Every structure is written in C-alpha cells, then in structure tokens.
Amino acid sequence: MGEFATRAVHVGQSHDPVTGAVVPPVTFASTYVMDEVGVPRAGYDYSRSGNPTRSDYEAALASLEEGERALAFPSGLSAEDTVLRALTRAGDSVVYSQDVYGGTFRLFNVLLPAEGKHAVGLDATDSGELRAAIFGNKPRVVWLETPSNPLLDVIDIAATAELAHSVGAFLVVDNTFATPAQQLPLKLGADVVVHSTTKSIGGHADLVGGAAVFAAGLELGRAGVSETGAVPDEAYWWQNATGAVPGPFDCWLGHRGLKTLQTRVRAAAGSALQIAAALTQLPQVAKVRYPGLAEHPGHEIATRQMSGFGQVVSFQVGDPDLAKAICEGTELFALAVSLGAVESLIEYPAAMTHPQKADTSAAIPADLVRLSIGLEDTGDLIADLSQAIARAVAKHG
Ligand SMILES: Cc1ncc(COP(=O)(O)O)c(C=O)c1O
C-alpha cells in the first residue's frame, strides 16, 4: 500500500464500519461471545490469545519492518525472551555483540544459563573476532544490537547474516536505536528484528512495550535440527503459553507512535547530528560517539545500511565525576533512563542503565554520558549542554 509514511498511517487502521470512526476504537474486552461452542465470530476468543487492537498494531509493525508477521509484547525484554525461547533449546549457544542494553546482557548471562543454554559475547565490530566466534561456537542464534546501547557501535548486518547463515544460525537484530524509519535489518538478511517499543516507536515516554518481527518463510528446521514448523508460530506459542502479552491501550499507544515515527526520528536525528558535531568542538569532550560523524569507525557501514543515524549520542569526558556532574547539571535534558522520546534525556550508563556489566569485559567506560535527543530546538539543547559542561568543569575540572 505504498511507501513507509503511507503504511505508517494506514496499515491496520481501517475506519470503523459501524460508526465511521476514522480511528478504530480500542477493544478492551478480555473475552468474546460465541454463537456455537468453540466457534469464535471473528477468530478472537480471549485477549491473551488475540485482541483486535493488538492485531492491527502487529500488522503495522510487520509492514514497516517489511516482515511477514509481528508480535507485540509488554516490554522489549519480554520480546527478546520469547524470541530466545522460540529459537533455542538446552545445549544451544548464542553469539552476541557485547555492547547491548544491560537487561539484554542479564538475559544472556543469567537467564539463558539457567535453561542450559550458553551465551558468548564479543566485540562484534571486530569482524575477525565475530567470524571466529561464529565458526568456533556454531551457535543457533547470532544477536546484534546496531547501533548499540550505549557505545553506538555499528555492525555490518548483511555480512553478519551471511556468516550466521553459513553455520545454520538465525540472525536477530535489535533495531531499537535505528527504528524501521532508518534501518530495515530484514531486508539486509536478518531473520528476526526485536524492539523496545518503549523507545522511539512509543516516542513519548509514556509506554513500556516490545515487538518481534519475522522475515518471510522462516522455518525452525536448519542443518542438524530436526524440529519443524514456522518460527513465528513457535514464538506465538511461547507468547501465549507464558502470557507475555501487552494490554490493548498500550498497543493503541504504540500504533499511534508508529504514525509519526518517521517524522519524529528524522527531526531528532537531524538535531542529534548537529549536537554531536557541536560536542566535538568542545575541548572538555574527549570523544563523541555518533554514527553520523565521518570520524565514527562505523560511519561507512552506517551510511550503507541506515538512512539516518538515530537520536542517541554518547560522549566521553575523561573523568567519571565530571560525567556525573554534567548529567546533574542540565536544565532541558532530564536526568532519566530510556531514550527515543520527544523530551531530551541525559544519563550516566555505567550506573543507570548498564550496571549489570560492571566488572565484566563489557563494562561501560566510567566517563561516558548518553544523550537521547528529543524535539526541542537544537540551539537550546546545545546551549543547555554547553552550560552544564562549563558548570561541571568549574566544579570538577
Ligand atoms: C536497545 C534496547 N533493547 C532492549 C531494551 C529493553 O526494552 P524494555 O526496557 O522495553 O524491556 C532496551 C531498554 O532500554 C534497549 O535500550
């Protein structure tokens, strides 16, 4: 039905046939009448198993990520957990890029081992290391977060898909930072995309949600695997069996977020590029991490696989106390975890979003500050950061 912006507004949004309401009403019902035993009128019998508002939202998510089917979840972590349950069995291993969200790191390093599964994390920007880990471990799943949280690493999705497929592994990409408005992993060869829709898709810091989107024709059976069946059906089975479902109002909020996603992300990413460039000019800033900057080590790959560079910028200032003081010194940027909202946020990842990684090889640099750029005026945001940095330097510099 047309280009991204058109599908974002129209897929799953048929006008209500009874009242003519342009936006379909939210279906809050938990249960549905039947005229005959076991025969639901429209395929819905109970809202854990299916709900019309959720179905509409899932249709829009699948369309925008160019997948065959999407499942909506009550959080990003529940989407990740369900995808891992669907794709792996006891004895299987997962190879993952180690700069991932702290909660994802915990999932790999605490929950997977409890199920007899094994996770191997590595710096996936090193393609030699990635190749060795994939060929050495013969994993069932290769998992990438690109751009990554919070270091903004960029990993080549198409090249990793080829490597993963050569050993019969599925490639899962966390597309939270780029969003389908700026990166389409399934078109680059990934098998599954996961999202924290809490972030740019929800877009207004008023929703916790997640999603998984599956490439067309994805089957469980691979070399050396005797199981059969479609991967989305397996994931849906786990979702229904464990009850990992979002409520209808959250689905409606997520769907509303999709309608303005491209406009919001383009504007915020444009601002993020200007802010990243401005930060490189400040003598107190030792390193700026933003894939849109020509000096970013992943800039060439990012330019190839993304149509914009997202709304998150990180920077390092050489001193942990200075980094914390900057986070505490802004007036427009709110000191808060999360990202992707219309409001700009600032945070200190080592203690706030990634404490699970302390004392590991994936530990976050102690002088790192992460910004999520919102829709405020770019000049106002730069002025706010400049004054916070100047004040912090006066105190700690
Ligand atoms: C990249 C990324 N993936 C997944 C998650 C987890 O999502 P949620 O907090 O919605 O469970 C987050 C949360 O910050 C994230 O940043």
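Below are worked exercises on a predicted model of a two-domain protein chain with a ligand.

Residues are numbered from 1 along each chain as its sequence is written. Because the model is predicted, local features need pLDDT of at least 70 and side-chain atom pairs count only at pLDDT 80 or more, while totals for chains, interfaces and linings use all residues.

**Exercise 1. Describe the two domains and the side of domain 1 that touches domain 2.**

Step 1. Set the bounds. Domain 1 covers 4-251 and domain 2 covers 261-396. These bounds come from an automatic or database domain assignment.

Step 2. Place the centres. Over C-alpha atoms, the centres of domain 1 and domain 2 are 27 Å apart.

Step 3. Count the contacts. In domain 1, 33 residues are in contact with 36 residues of domain 2. Contact requires C-beta atoms, placed from the backbone, to lie within 7 Å.

Step 4. Find the elements. Helix 1 (4-10), helix 4 (102-114) and helix 6 (157-166) each give at least two residues to this side of domain 1. Helices (H or I, at least four residues) and strands (E, at least two) are DSSP runs, numbered from the N terminus.

Step 5. Sort by class. The side of domain 1 that touches domain 2 holds 17 nonpolar, 11 polar and five charged residues. Nonpolar means Ala, Val, Leu, Ile, Met, Phe, Trp, Tyr, Cys and Pro; charged means Asp, Glu, Lys and Arg; the others, Gly among them, are polar.

**Exercise 2. Which residues surround the ligand, and which are the closest?**

Step 1. Count the shell. The ligand is surrounded by 14 residues. A residue is near a molecule if its C-beta atom, placed from the backbone, lies within 6 Å of it.

Step 2. Name the closest. They are Ser-75, Gly-76, Leu-77, Tyr-101 and Ser-196.

Step 3. Assign elements. Helix 3 (76-87) and helix 4 give two or more residues each to the shell.

Step 4. Sort by class. The shell has three nonpolar, nine polar and two charged residues.

**Exercise 3. Trace the seven-stranded sheet and locate strand 8 in it.**

Step 1. Write the order. The open sheet runs 3-9-8-7-6-4-5, with mixed pairing. Strands pair if DSSP finds at least two bridges between them.

Step 2. Find the edges. Strand 3 (69-73) and strand 5 (118-122) each have a single partner strand, so one side of each is left without a neighbour in the sheet.

Step 3. Add the twist. From one strand to the next, it averages 20 degrees.

Step 4. Check the pairs around strand 8. Strand 7 (residues 170-174) runs parallel to strand 8, joined by three bridges. Strand 9 (residues 210-214) pairs with strand 8 in the antiparallel sense over five bridges. Val-193 is the bridge partner of Val-173, and Val-213 in strand 9 is the bridge partner of Val-193.

Step 5. Test burial. Five of the five residues of strand 8 (residues 192-196) are buried, so the strand is largely enclosed by the rest of the structure. Buried means 20 or more other C-beta atoms within 10 Å of a residue's own, exposed means 12 or fewer, and partly exposed lies in between, with C-beta atoms placed from the backbone.

Step 6. Split the faces. Val-192, Val-194 and Ser-196 lie on one side, Val-193 and His-195 on the other. In a regular strand, side chains alternate between the two faces of the sheet.

Step 7. Add the helix. Helix 7 (residues 231-242) lies across strand 3 and strand 9, at about 20 degrees to strand 3. Axes are lines fitted to C-alpha atoms, for helices over the stretch in contact, and angles run from 0 to 180 degrees between N-to-C directions.

**Exercise 4. Do the same for the five-stranded sheet.**

Step 1. Write the order. This open sheet runs 10-11-14-13-12, with mixed pairing. Its edge strands, strand 10 (287-289) and strand 12 (334-335), each pair on one side only.

Step 2. Check the pairs around strand 14. Strand 11 (residues 312-316) and strand 14 (residues 368-372) are antiparallel over five bridges. Phe-315 stands opposite Val-369. Strand 13 and strand 14 are antiparallel over three bridges. Glu-347 stands opposite Arg-370.

Step 3. Test burial. Five of the five residues of strand 14 are buried.

Step 4. Add the helices. Helix 8 (residues 248-280) lies across strand 10 and strand 11, at about 10 degrees to strand 11. Helix 10 (residues 320-329) lies across strand 12, strand 13 (345-347) and strand 14, at about 25 degrees to strand 14.

**Exercise 5. Is Glu-295 buried or exposed?**

Step 1. Locate Glu-295. It sits in the loop between strand 10 and helix 9 (299-305).

Step 2. Count neighbours. Glu-295 has 9 C-beta neighbours inside 10 Å, so it counts as exposed.

Terms used. Two residues are in contact if their C-beta atoms, placed from the backbone, lie within 7 Å.
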